[in-house]
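Please open your viewer and keep the selection tool at hand, since this tour moves from one selection to the next. At each stop, take a moment to look before you read on.

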Amino acid sequence: MTPGARLSAAIEVLADIAERRRPVADALKDWGLAHRFAGSGDRATIATLVYDALRRRASSAWIMGADSPRATLIGSLRLQRGLAARTVAELFTGERFAPAPLTEAERTRLETGTLADAPVHVAGDVPEWVVPSLENALGDDLLPELRALARRAPLDIRVNTLKATRPGTAEALAHLAPEPTPLSPDGLRVPLGEDGRGPALHVEPEFLDGWFEIQDEGSQLAARLSGAGPGMTVIDLCAGGGGKTLALAALMNDQGRLIATDGDPRRLAPIHERLRRAGATAEVRTPRGGKGRPDVLTDLDGTADLVLVDAPCTGSGTWRRNPDAKWRLRPGSLATRVAEQEAVLDRAARLVRPGGRIVYVTCSLLPEENDAAVAGLVGRRDDIAPRPLDLPDAVATRVRRTAHGIQMTPERTGTDGFYVALLERGPDHS
């Protein structure tokens, strides 16, 4: 496909997303199935164009004076890729499946449009209704952080210390030029290509042998800050696909008792193969039945040294990776997540033993899901209290401290927006 044809395809996908309010991955998959002549390189480039346009949807519409899929794409070529109006015009020729030529109005907008007077939600490319919450979390850093949240995310891997070392893995992947992550001692950062996409790490022999997992540095740090260690009884209460379960197993040196479960059994499907590949051991407890399914952890109440709650959340801290999600988020979705967080924290409180710890994690920047959720549990349980996290110096100087925990952010830490808080259950005086 020609560069112009790829732009036309990206506009088509953006139109599908806008009309049907569907996840970008679904729209891209359907486009690929309907256009089988497109090679893997074509599909990758089209996907990058679409993701970049969604990252800068509001600001692109502002400078272009229109919010159509075409205007969004044109604006993102300037804002995200830094292309001059002349360069963009050379791609929009109307020839060989390329989009129609730029109008005079479009060219003028490209040349003179500015974000100088744009409101924060436009300049920061987020829904307007979340700005008050984000301002509470980010303060004077609001706009720089939102702009960082609209950039492309890095590609990080966590070395599995049950099988490999960071230097050894870096040497084995030398053809990919990885560099050590600045904050996580087990991480490597793999450079992205010019198109913003990373290499196919899942086909590397070392991945297949369980040497590493793909995991954002912030997620690695969240697991490490849990304080999990050998010999402990640890419950990963919202394990999902098992990313943090694997990190916990490595921190425990595969010694102790590690239990993984999730309220949605479908999310647990990948965990078994990932554990096998990593050489890690965990009890995976999969809920059975439909709504109101029996609790699979009742025998563990009051026994856990550590309960990790990687809570279901809006995912606002991962909008670099999932830019379409921010435009689909609604206040009702936030309310639903807050209710789920309350329920899962209450369950964690019943599982932890006296003197044990709960580590509460979200990939959210919204205080309603973070400090407010912790404060809610503390208000409901007089035997549970927040405790300060033990932070390495390199981490302590970069994170934002909140009332009850810490907030990682793209601008300050270069990671996704993870929140971490530590709570401790007091001794049993009964």
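The stops below visit a helix, some paired strands, pairs of aromatic rings and a single aspartate, all in a model that is predicted.

**Stop one: a helix**

Begin by selecting residues 40-55, which make up helix α3, a run of 16 residues that reaches 22 Å from its first C-alpha to its last, close to the 22 Å expected at 1.5 Å a residue. Turn on a surface if you can, and you should find that α3 is mostly covered, with 13 of its 16 residues buried. Within this helix, pick out Thr 48, which counts as buried because its relative accessibility is 6%, below the 20% cut-off used for that word. Which residues does Thr 48 touch, if those up to four places away in sequence are not counted? They are Arg 81, Arg 152, Asp 195 and Arg 197.

**Stop two: paired strands**

Next, select strand β8, residues 304-310, together with β9, and follow how the two run parallel, joined by six bridges. To see one position in detail, show Leu 306, which stands opposite Arg 357 in β9. Now keep β9 on screen and add β13, which pairs with β9 in the antiparallel sense, again over six bridges. Here the residue to show is Val 359, whose bridge partner in β13 is Leu 422.

**Stop three: aromatic rings**

How many aromatic pairs are counted in this model? The count comes to two. Select Phe 207 and Phe 212 for a tilted pair, with 5.6 Å from centre to centre and 55° between the planes; both Phe 207 and Phe 212 are buried. Then select Tyr 360 and Tyr 419, whose ring centres are 6.2 Å apart and whose planes meet at 70°, so this pair is edge-to-face. Because Tyr 360 lies in strand β9 (residues 352-362) and Tyr 419 in strand β13 (residues 419-425), the pair ties together parts that are 59 residues apart in sequence. Both of these tyrosines, Tyr 360 and Tyr 419, are buried.

**Stop four: an aspartate in a strand**

Finally, select Asp 236, which has its place in strand β5, residues 232-236. Is Asp 236 buried or exposed? Asp 236 is buried, with a relative accessible area of 1%. Leaving aside neighbours within four places in sequence, Asp 236 is in contact with several residues, among them Lys 244, Leu 248, Thr 261 and Leu 308. If you draw a distance between the C-alpha atoms of Asp 236 and Thr 261, which are 25 residues apart along the chain, the separation is 6.4 Å.

Methods: Residues numbered from 1 in each chain as written. Predicted model: local features only at pLDDT ≥ 70, side-chain atom pairs only at ≥ 80, totals over all residues. Heavy atoms only, no water. Helix = DSSP H or I, 4+ residues; strand = E, 2+ residues; numbered from the N terminus. Buried < 20%, exposed > 50% of the residue type's maximum accessible area, 1.4 Å probe, protein only. Contact = heavy atoms within 4.5 Å. Expected span 1.5 Å × (residues − 1). Phe/Tyr/Trp six-rings, centres within 6.5 Å; stacked < 30°, edge-to-face > 60°. Pairing = 2+ DSSP bridges.
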